[in-house]
Amino acid sequence: MKVEDQVRPLSSVKAGNKVVLVRIDAGRGLNSRLASMGLVANAEIRVVSNSHPGPFVIIVKDTRVMLGRGMAHKIMVK
């Protein structure tokens with residue numbers, strides 16, 4: 001199995017990489033909030049910035065989104 005095929009938190013993806021959303025390990029409120037931003041199953045996500053400390057920025061559906069690290073850790077991708 002390739003590293004790209006393993007499910008892992010979005011927070012572990014390096015800037016410049018593209019991944020696909022598998023699931024969100026959170027409650028209904030956060031799930032619906034993220035879904036309203038386009039973060040739904042099978043959505044393609046490109047990580048723009050993952051500097052620590054600093055912003056965690058992604059692009060999903062041609063929209064730039066800034067996420068908190070805790071939120072990014074609950075988003076599972078491959």
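What follows is a short walk through the predicted model of this chain, from its overall layout to a few individual side chains.

Let me begin with the outline of the fold. The chain's secondary structure amounts to 2 helices and 6 strands, and, read from the N terminus, the elements come in the order β-β-α-β-β-β-α-β. The radius of gyration is 11 Å, close to the 12 Å that the globule rule gives for 78 residues, so the chain is as compact as a globular protein of that length. Along the principal axes, the C-alpha atoms occupy a box of roughly 30 × 30 × 25 Å. Of the 78 residues in the chain, 35% are buried, and if you take the contacts between residues at least 6 apart in sequence, 55% of them join residues at least 24 apart.

Now to the sheet, which you can follow on the structure as I speak. The 6 strands make an open sheet with antiparallel pairing, and their order across it is β1-β6-β2-β3-β4-β5. β1 and β5 are the edge strands, each with a single partner, so each has one side without a neighbour in the sheet. Further in, β2 pairs with β6 in the antiparallel sense over 3 bridges, and within that pairing Arg 23 is found opposite Met 76 of β6.

I would like to spend a little longer on β4, which covers residues 56–60. How many of the residues of β4 are buried? The count is 5 of 5, so to speak of the strand as mostly covered is fair, because a residue is called buried here when its relative accessible area is under 20%. Both faces of β4 are covered, with Phe 56, Ile 58 and Val 60 buried on one side and Val 57 and Ile 59 buried on the other. On one flank, β4 pairs with β3 over 5 bridges, running antiparallel, and here Val 47 stands opposite Ile 58. The hairpin that these two strands form has 5 residues between them, and in it Gly 54 adopts a positive phi near 145 degrees. On the other flank, β4 and β5 are also antiparallel and are joined by 5 bridges; Phe 56 has Leu 67 as its bridge partner in β5, while Val 60 is partnered there by Thr 63. The hairpin of β4 and β5 has 2 residues between the strands, and Lys 61, in the turn, has a positive phi of about 50 degrees.

That brings me to the interior. In soluble globular proteins, nonpolar side chains tend to be buried together. In this model the largest nonpolar core has 20 residues, and among those with the most contacts inside it are Leu 10, Leu 34, Leu 39, Ile 45, Ile 58, Leu 67 and Ile 75. At least two residues of this core come from each of β2, α1, β3, β4, β5, α2 and β6. Leu 39 is a useful residue to click on, since, leaving aside residues up to four places away in sequence, it touches Leu 21, Ile 24, Leu 34, Ile 45, Ile 58, Val 60, Leu 67 and Ile 75.

Turning to charged side chains, the structure holds 2 salt bridges. One is between the side chains of Lys 18 and Glu 44, at 3.9 Å from N to O. Lys 18 belongs to strand β2 and Glu 44 to strand β3, so this pair ties together parts that lie 26 residues apart in sequence. Lys 18 itself is exposed, at a relative accessible area of 55%. There is also a salt bridge between Asp 25 and Arg 23, whose closest N and O atoms are 2.9 Å apart. Asp 25 is partly exposed, with a relative accessible area of 40%, and Arg 23, at 39%, counts as partly exposed as well.

Finally, a polar contact. Where does Ser 11 lie? Ser 11 sits in the loop between β1 and β2, and its side chain makes a polar contact, at 3.0 Å, with the side chain of His 73. Beyond residues up to four places away in sequence, Ser 11 touches Asn 50, Phe 56, Arg 69, Ala 72 and His 73. One of these, Phe 56, is the β4 residue that I mentioned as buried, and His 73 falls within α2, which spans residues 69–74.

Methods. Residues numbered from 1 in each chain as written. Predicted model: local features only at pLDDT ≥ 70, side-chain atom pairs only at ≥ 80, totals over all residues. Heavy atoms only, no water. Core = buried A, V, L, I, M, F, W, Y, C linked by side-chain atoms within 4.5 Å. Buried < 20%, exposed > 50% of the residue type's maximum accessible area, 1.4 Å probe, protein only. Helix = DSSP H or I, 4+ residues; strand = E, 2+ residues; numbered from the N terminus. Contact = heavy atoms within 4.5 Å. Salt bridge = Lys/Arg side-chain N within 4 Å of Asp/Glu carboxyl O. Pairing = 2+ DSSP bridges. Polar contact = N/O pair within 3.5 Å; in protein donor to acceptor, adjacent residues only side chain to side chain. Rg over C-alpha atoms; globule rule 2.2 N^0.38 Å.
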